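Subject: Structure handover

Hello,

Here is the structure I said I would pass on. My notes on it follow below.

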Amino acid sequence: MQEIVFKLVPNLQQEEMQRCEDFFRATGVATSGENSASRSVSVSAEVATHIPVNDEGLSLKIEKHPDWQDKGLVKTIGQTYIRCSAHTTLLHLKKYLTQKLSVPPVFEIELLCNNVILHKDYTLKFVWLAQWQKREPPLVVHYRTRVHYG
């Protein structure tokens, strides 16, 4: 496909090669003695190891559910405000809370927003859009435990 484009647009390949060489010089990537195919593969490998993320951050407040009676079985969480990626799933949050609260294996953590139980595969951005629309940040998520039956 790229070959067709190079044939249709005059001097595009030369300009593209010049831009690549300028980029390699600016970033300090060695280009001597390599052909363009191996150079693009080595650059692709370097880029794959460091992928810049343009990700939205989301402020989150984690609180114990007001109706929850734990009877001292679960520790309290120290830090209630968290800033994390909007692509964080609730499963990540459950694992974090399980570790921080030292939840015994017989219990499972449930996450709620506006008294609606949230599914573990939801992202925080989805919860924000579905449950927290038109409210001031931070997103408030409540947790409680229940007995895990399997």
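**H142 and its surroundings**

Not counting residues up to four places away in sequence, H142 touches E63, K64, H65, P66, E110, L111 and L112. With E63 the link is also a polar one: the two side chains are joined by a polar contact of 3.1 Å. H142 belongs to strand β5. Its relative accessible area is 16%, and because buried means under 20%, H142 counts as buried. Please keep in mind that this is a predicted model.

**Overall layout**

The chain has 150 residues, of which 25% count as buried. Five helices and five strands make up its secondary structure elements, and along the sequence they follow the pattern α-α-α-β-β-α-β-β-α-β. If you take the contacts between residues at least 6 apart in sequence, 66% of them join residues at least 24 apart.

**Nonpolar core**

The largest nonpolar core has 23 residues. Which of them have the most contacts inside it? They are L60, L93, L97, L111, L124, L139 and Y143. Two or more residues each come from β1 (57–64), β2 (81–85), α4 (90–101), β3, α5 and β5. L93 can serve as an example: leaving aside neighbours within four places in sequence, L93 is in contact with L60, I62, L111, L124 and V141. L111 is thus listed among the contacts of L93 and also among those of H142.

**Rings**

A search of the whole structure gives two aromatic pairs. One of them is Y122 with F126, where the ring centres are 4.7 Å apart and the planes meet at 50 degrees, so the pair is tilted. As for accessibility, Y122 is partly exposed at 33%, and F126 is partly exposed at 41%. There is also a charge over a ring: the charged end of R135 sits over the ring of W132, at 4.9 Å from the ring centre.

**Backbone points to check**

The peptide bond from P137 to P138 is cis, and its omega is near 5 degrees. P138 lies in the loop between α5 (124–131) and β5 (139–147).

Two asparagines have positive phi. For N114 the angle is near 55 degrees, in a residue other than glycine. For N115 the angle is about 60 degrees, and N115 is not a glycine either. Where are they placed? N114 is in the loop between β3 (107–113) and β4 (116–117), and N115 is found in the loop between β3 and β4 as well. Their exposure classes are as follows: N114 is partly exposed, with a relative accessible area of 32%, whereas N115 counts as exposed at 59%.

**Cysteines**

How many disulfides does the structure hold? The number is zero. C113 is buried, with a relative accessible area of 0%, while C20 is partly exposed at 25% relative accessibility.

Regards

Definitions and conventions. Residues are numbered from 1 along each chain as its sequence is written. This is a predicted model: local features need pLDDT of at least 70, side-chain atom pairs count only at pLDDT 80 or more; totals for chains, interfaces and linings use all residues. Side-chain values use heavy atoms; hydrogens and water are left out. A disulfide is a pair of cysteine sulfur atoms within 2.5 Å. Buried means under 20% relative accessible area, exposed over 50%, partly exposed in between (1.4 Å probe, protein chains only). Helices (H or I, at least four residues) and strands (E, at least two) are DSSP runs, numbered from the N terminus. Rings of Phe, Tyr and Trp (its six-membered ring) pair if their centres lie within 6.5 Å; planes under 30 degrees apart count as stacked, over 60 as edge-to-face and the rest as tilted. A charge sits over a ring if NZ of Lys or CZ of Arg is within 6 Å of the ring centre and within 35 degrees of the ring normal. A nonpolar core is a set of buried Ala, Val, Leu, Ile, Met, Phe, Trp, Tyr and Cys residues joined through side-chain atoms within 4.5 Å. Contact means heavy atoms within 4.5 Å. A polar contact is a pair of N or O atoms within 3.5 Å; within protein, one must be able to donate a hydrogen and the other to accept it, and residues adjacent in sequence count only if both atoms are side-chain atoms.
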